Amino acid sequence: MKHCIKCGMPNTRPGSIFDDKGVCQACHNYDSRKSVNWDERKKELRKLCDKYRKNDESYDCIIPVSGGKDSQFLAHIMVTEMDMHPLLVTVTDSFTHTQAGAHNLRIMIETFKLNHYQYTINHDLFRRATRIAFEMTGEALKFVEYAIYTIPTLLAQKFEIPFVIYGENSSFEYGTTDTNFYDATPIVQAMSDTLEKERQWWIDHGLSSEEVSSIQLDKIKPLPLVIYTSYFYPWSSLRNLEVAQRYGFRTLAHEWDREGCIENFEQMDSIAYLVHLWLKYPKFGFQRTSDIASRRVREGQLTLDEAMTLIKERDHKLDQKSLIDFISFLGYTQKEFWEITDKLWNKDIFEQKEGRWVLRNPPY
Ligand SMILES: [Zn+2]
């Protein structure tokens, strides 16, 4: 396990690219922003919007939203700058949701006066699919993560809305690709295709064929154009937070101090979602603190030393409130949870010391 010499990101992130000096692609991609003409990119977005904008108040695009700061920023751009008429779509998981998350979604609908479509996977299917994915792969929210991408596009197909707007191209921001691009349509299609390849696997573990199909794209109806807005606007969590706060966005500051995290405003809608994020730790030796800290180093808000101190202190921690929500909804005891996760620890990265798994080569 090696870490980027500039931002500290580990090379165990699936698909990560490092140069021979030990600098990760995410750092190179961040630096490449300086040479981009962002005014030109904004004009490109306007041109796309001009192509799809409807002047009769019917929906001309779908914005998949969680209510988080990035969704608020997207709604802000599409409504106030691009004069579009979006339909907001939320695909929710069945875990308990935070008060701040519910508040943020509500003010977003009110502020921008937009209609909102909430798609909830039936709780029984969500529970079974999550149990299967957790027990067999450790990637607990595999099924719902597919749905988060496919359902807004599927609804766009059904409602004949030609344009779907996502925020960040995380493969570019986290350096698993060296090219920035906006067209995410092939990515959504690939997710639906992957699900097709996995169909038998899900059926063998207890889902029905119809349940798998329920989150796949329509094979006949035309696909909308799906875009990443981070191609057109330099993406920044803190700028998005600032914009969202102007509309009344709330962080978790007065609600929940999350273990294993270094901020209180990212991925904050669903309580048990943190378990899904933590499950990367036994497999790859890093999780949320590393993700955010290395990002802050790239953005110039933390030094590498400060990031390493935070990673040492927090990256291994699994939030207890999140764990309890996860196991109580899915029907596990704590003992069962730890027995299932026990087989996930990567022995090339971890060794056992005094009954605990610890990193063999910690970066700090
Ligand atoms: Zn880096």
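These entries record what I looked up about the zinc site and the internal cavities of this structure.

**Entry 1: the model.** I note at the outset that the model is predicted.

**Entry 2: the zinc site.** I asked which residues coordinate the zinc ion. I found the SG atoms of Cys-4, Cys-7, Cys-24 and Cys-27, at 2.3 Å. I then looked up the geometry: the site is tetrahedral, and the angles among its 4 donor atoms run from 105 to 115 degrees. For comparison, I noted that the ideal angle for four tetrahedral donors is 109.5 degrees. Along the sequence, I read the spacing of the donor residues as C-x2-C-x16-C-x2-C. Of the donors, I followed the pair Cys-7 and Cys-27, which links distant parts of the chain, 20 residues apart. Cys-7 lies in the segment before α1 (25-32), whereas Cys-27 belongs to helix α1 itself.

**Entry 3: burial of the pair.** Are Cys-7 and Cys-27 buried or exposed? Cys-7 has a relative accessibility of 1%, so I list Cys-7 as buried. Cys-27 is also buried, because its relative accessible area is 4%.

**Entry 4: the cavities.** I counted 3 cavities of 30 Å³ or more. The largest holds about 60 Å³ of space. Its lining includes Met-1, His-3, Tyr-281, Phe-286, Asp-315 and Tyr-364. By class, I recorded 8 nonpolar, 3 polar and 1 charged residues in that lining.

The second largest cavity holds about 50 Å³. I found Tyr-30, Arg-33, Glu-173, Arg-295, Arg-298 and Glu-299 around it. What classes make up this lining? I recorded 5 charged residues, 1 nonpolar and no polar.

Key: Residues are numbered from 1 along each chain as its sequence is written. This is a predicted model: local features need pLDDT of at least 70, side-chain atom pairs count only at pLDDT 80 or more; totals for chains, interfaces and linings use all residues. Side-chain values use heavy atoms; hydrogens and water are left out. On a 1 Å grid over the protein atoms alone, a cavity is a set of points where a 1.4 Å probe fits but cannot get out, and a pocket is an open set with protein on both sides within 12 Å along at least five of seven lines; lining residues have an atom within 4 Å of a point. Grid points are joined across faces, edges and corners, and a volume is the space filled by probe spheres set on the points. Ala, Val, Leu, Ile, Met, Phe, Trp, Tyr, Cys and Pro count as nonpolar, Asp, Glu, Lys and Arg as charged, and the others, Gly among them, as polar. Donors are N, O and S atoms within 2.8 Å of the metal (3.2 Å for Na, K and Ca); water is not among the atoms, so sites may look incomplete. Four donors count as tetrahedral if all angles lie between 85 and 135 degrees; four count as square planar and six as octahedral if opposite donors are over 155 degrees apart and all others between 65 and 115; anything else is irregular. Helices (H or I, at least four residues) and strands (E, at least two) are DSSP runs, numbered from the N terminus. Buried means under 20% relative accessible area, exposed over 50%, partly exposed in between (1.4 Å probe, protein chains only).
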